[in-house]
Amino acid sequence: NSRVPYGGAVVLQPSTGRVLALAEHSQAQPELRGLPVRAVFPAASIFKIVTGGALLEAGVSPEEEACFHGGKRRLTERLLEDSARDEACYSLAVAMGRSANVVFAKMTKKHLSADMLRRMAARLRFNRPISFPIPTDVSLASIPDDEFGLAETGAGFGDVYLSPLHGAALAAASVTGVWRDPILFEPGPDSPPPPTEQGLSPEVARALTEMLEANRTARRSVTY
């Protein structure tokens, strides 16, 4: 009804990686197939999960605050400097719940290096293949070295794309702390358990989950 040009949705069980549903729709090209595994969608604020994990791992408390103004639709270098115009102060946890771009940009600039953000992105499968029976695009994340470009990327304004399948698996890993490649077909009784990889420490995963639950949209949607 919303005449979505291109859209995909994935329902995934975080504790196992089982894919429960794949759905797609394109008003622009109704015959198009495969959108849930195409990494053509801007990650935008979904990338704040990666940035939030990197900040927590760097020792930033969910209660650490930054004050800001503007930045709802774009960032400028001036917005990253403390100013008398800063009209609100959010903790990292509140900034995650409200997707506060400038807070994430300021904290990225203050606490993270490009290598730190790249390492967290790689652990959560950006720039790496995802094993899945349906060939899935690699989600590409370009993380620049320059200070402003890095801050933009940390806030979700970077050159980062992902597939809906990766987005669901990323959300699952943020809850469990463990990366599990999505499972489409039920394994046989003699099959070895699917490989897993520790993406986040239990402490970081727990803090990140609490921050995500501060978002009223997500609060009732987290399934363990």
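Let me start with overall shape: for 224 residues, a compact globule would have a radius of gyration near 17 Å, and our protein comes out at 18 Å, which agrees. Please keep in mind throughout that this is a predicted model. Along the principal axes, the C-alpha atoms fill a box of roughly 60 × 40 × 35 Å. As for secondary structure, we have eight helices and nine strands.

A few more overall numbers, and then we'll go inside. Of the 224 residues, 45% are buried. The accessible surface is about 11900 Å², and carbon and sulfur atoms own 51% of that. If you take the contacts with a separation of 6 or more, 69% of them are between residues 24 or more positions apart.

So, to the interior. Which residues have the most contacts inside the largest nonpolar core? That core has 60 residues, and the ones at the top of the list are Phe-47, Val-50, Leu-92, Val-103, Leu-117, Phe-126 and Leu-208. Let me pick out Phe-47 for you. Setting aside residues up to four places away in sequence, Phe-47 touches Leu-117, Ala-121, Phe-126, Ile-143, Thr-153 and Val-160. Two of those names, Leu-117 and Phe-126, you just heard in the list for the core.

Another partner of Phe-47, Thr-153, takes us to helix 5, where Thr-153 is one of the buried residues. Helix 5 covers residues 147-154, and six of its eight residues are buried, so the rest of the structure largely encloses it. Along with Thr-153, the buried ones are Phe-148, Gly-149, Leu-150, Ala-151 and Gly-154. And what covers them? The cover includes three helices, namely helix 1 (48-57), helix 3 (101-111) and helix 4 (114-123), together with strand 6 (141-142) and strand 7 (159-162). If you follow the chain out of helix 5, you meet Gly-156, which has a positive phi, near 100°.

Now for the cysteines, since somebody always asks. How many disulfides does the structure hold? Just one. As a reminder, a disulfide is a covalent bond between the sulfur atoms of two cysteines. Here the partners are Cys-67 and Cys-89, with an S to S distance of 1.8 Å. The angle about the S-S bond is 95°, and the link between Cys-67 and Cys-89 is right-handed. Cys-67 sits in strand 4 (residues 65-68) and Cys-89 in strand 5 (residues 88-91), so the pair ties together parts that are 22 residues apart in sequence.

Are these two cysteines buried or exposed? Neither, as it turns out: Cys-67 is partly exposed, at 27% relative accessibility, and Cys-89 is partly exposed too, at 38%.

While we're in this region, have a look at Asp-86, in the loop between strand 4 and strand 5. Asp-86 counts as buried, because its relative accessibility is 16% and the cut-off for buried is under 20%. What does its side chain do? The side chain of Asp-86 makes a polar contact with the side chain of His-69, at 2.9 Å. Leaving out residues up to four places away in sequence, Asp-86 touches Cys-67, Phe-68, His-69, Glu-81 and Lys-106. Notice Cys-67 in that list, which is one half of the disulfide.

Let's go to the start of the chain. Pro-5 lies in the segment before strand 1 (7-12) and is partly exposed, with a relative accessible area of 46%. Where does Pro-5 find its contacts, apart from neighbours within four places in sequence? With His-25, Ser-26, Gln-27 and Ala-28. The C-alpha atoms of Pro-5 and Ala-28 are separated by 4.8 Å, although these residues are 23 residues apart along the chain.

Arg-3 belongs to that segment before strand 1 as well. Arg-3 has a positive phi, about 55°, although it is not a glycine, and it is exposed, with a relative accessible area of 59%.

Finally, Asn-127 has a positive phi of about 60°, and it is not a glycine either. You'll find Asn-127 in the loop between helix 4 and strand 6, and at 42% relative accessibility it is partly exposed.

That's my tour, and thanks for listening!

Terms used
Residues numbered from 1 in each chain as written. Predicted model: local features only at pLDDT ≥ 70, side-chain atom pairs only at ≥ 80, totals over all residues. Heavy atoms only, no water. Disulfide = S-S within 2.5 Å. Helix = DSSP H or I, 4+ residues; strand = E, 2+ residues; numbered from the N terminus. Buried < 20%, exposed > 50% of the residue type's maximum accessible area, 1.4 Å probe, protein only. Contact = heavy atoms within 4.5 Å. Core = buried A, V, L, I, M, F, W, Y, C linked by side-chain atoms within 4.5 Å. Rg over C-alpha atoms; globule rule 2.2 N^0.38 Å. Areas by Shrake-Rupley, 256 points an atom, 1.4 Å probe, with all protein chains shown as cover. Polar contact = N/O pair within 3.5 Å; in protein donor to acceptor, adjacent residues only side chain to side chain.
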